[in-house]
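Visitor: I'd like to look closely at just one part of this protein. Please pick a spot, take it slowly, and tell me what surrounds it.

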Amino acid sequence: MSWRPLWAVLLAAMPVPVLAQPTSPSRTPPVPVVDVFFPGGAVVRVQGPAGTDDYAYGLASMAAPQVGQVRALQWCWESLKFSGCQVHLVRPQGPPVVLRNSGVRQQVFTPDGRWLVGMGDNTLRLWNPQRAADAPRTQALNMNGLERLEVSARNICVTGRDRLSAVYTVLSWPDLKVVKEQRVQLGQETVTTTKQGHTTTTTSRYGRVGTFTPPPCS
């Protein structure tokens, strides 16, 4: 019989704890599903993008041309100060097509239904629904926020903002050539600096100095 010290005997007799791994139920949201109706009675069930633990997609808008059997579904997510979107092109036959570079805030078809116009905060995009897999035509604009997107028989009219100004831009389509740009100051910044002892404090205040109503898009 081998001899072992008392501390070794006591240690061997102690139960070994089993540490359970922490688990949490899955927070992955369900995938959104919508039914899209077409003239003639056709109904297409469309499955939206799968979200993650941090955000879920929802249907933000659906655009339809005045002529043609196609629908543009805009799916968006928002989490804290971040957001994102993508557009699916849907027809009565065939699977939906995810448009490339389709992180836009607003979308609208041209009156003839030949082009889909999408606008983000500072970039305008133009897709040809007949060639949905192609990259869009793109035009960057001098603005940092979108407020209004309109399309006429000849032009695309975009109203946005850039810090203290409203920016109104008119482009011809489908070449996306800028034919007019108007900038109207809406606010004014006043900076005040005070010094107390060794501490300097700078305060910025903003005041409204004007308004802007975009003209009809023609």
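**The largest pocket and its strands**

Guide: Let's go to the largest pocket, which is lined by C76, W77, E78, S83, G84, C85, G103, V104, R105, G120 and D121. Keep in mind as we go that this is a predicted model. The pocket has a volume of about 170 Å³. Its lining is a real mix: four residues are nonpolar, four are polar and three are charged. If you wonder how anyone finds a pocket, rolling a probe the size of a water molecule over the atoms shows where empty space is left.

Now for the strands behind it. Both β4 (71-79) and β5 (82-90) supply at least two residues each to that lining. These two strands form a hairpin with two residues between them, and in the turn you'll find L80, with a positive phi of about 55°. Follow the hairpin along and you'll see β4 and β5 running antiparallel, joined by nine bridges. To spot one of them, start at W75 and look across to β5, where its bridge partner is Q86.

β4 has another neighbour too. Strand β3 (residues 58-63) pairs with β4, again in the antiparallel sense, over five bridges. Here you can pick out G58, whose bridge partner in β4 is C76. As for how covered β4 is, eight of its nine residues are buried.

C76 deserves a second look. Besides lining the pocket, C76 forms a disulfide with C85, their sulfur atoms 2.0 Å apart. In case that word is new, a disulfide is a covalent bond between the sulfur atoms of two cysteines. The torsion about the S-S bond of C76 and C85 is about 110°, so this disulfide is right-handed. What about exposure? The cut-off for buried is under 20% relative accessible area, so C76, at 17%, is buried. C85 has 22%, so by the same cut-off C85 counts as partly exposed.

For some context, the structure holds two disulfides. The other joins C157 and C217, with sulfur atoms 2.1 Å apart. That pair links distant parts of the chain: C157 sits in strand β12 (residues 155-162) and C217 in the segment after β16 (199-208), 60 residues apart. Its S-S torsion is about 80°, so it is right-handed as well. C157 is buried, with a relative accessible area of 1%, and C217 counts as buried at 18%. Count the bonded cysteines along the chain and you get the pattern 1-2, 3-4.

Note on methods
Residues are numbered from 1 along each chain as its sequence is written. This is a predicted model: local features need pLDDT of at least 70, side-chain atom pairs count only at pLDDT 80 or more; totals for chains, interfaces and linings use all residues. Side-chain values use heavy atoms; hydrogens and water are left out. On a 1 Å grid over the protein atoms alone, a cavity is a set of points where a 1.4 Å probe fits but cannot get out, and a pocket is an open set with protein on both sides within 12 Å along at least five of seven lines; lining residues have an atom within 4 Å of a point. Grid points are joined across faces, edges and corners, and a volume is the space filled by probe spheres set on the points. Helices (H or I, at least four residues) and strands (E, at least two) are DSSP runs, numbered from the N terminus. Ala, Val, Leu, Ile, Met, Phe, Trp, Tyr, Cys and Pro count as nonpolar, Asp, Glu, Lys and Arg as charged, and the others, Gly among them, as polar. Buried means under 20% relative accessible area, exposed over 50%, partly exposed in between (1.4 Å probe, protein chains only). Two strands pair if DSSP finds at least two bridges between them. A disulfide is a pair of cysteine sulfur atoms within 2.5 Å.
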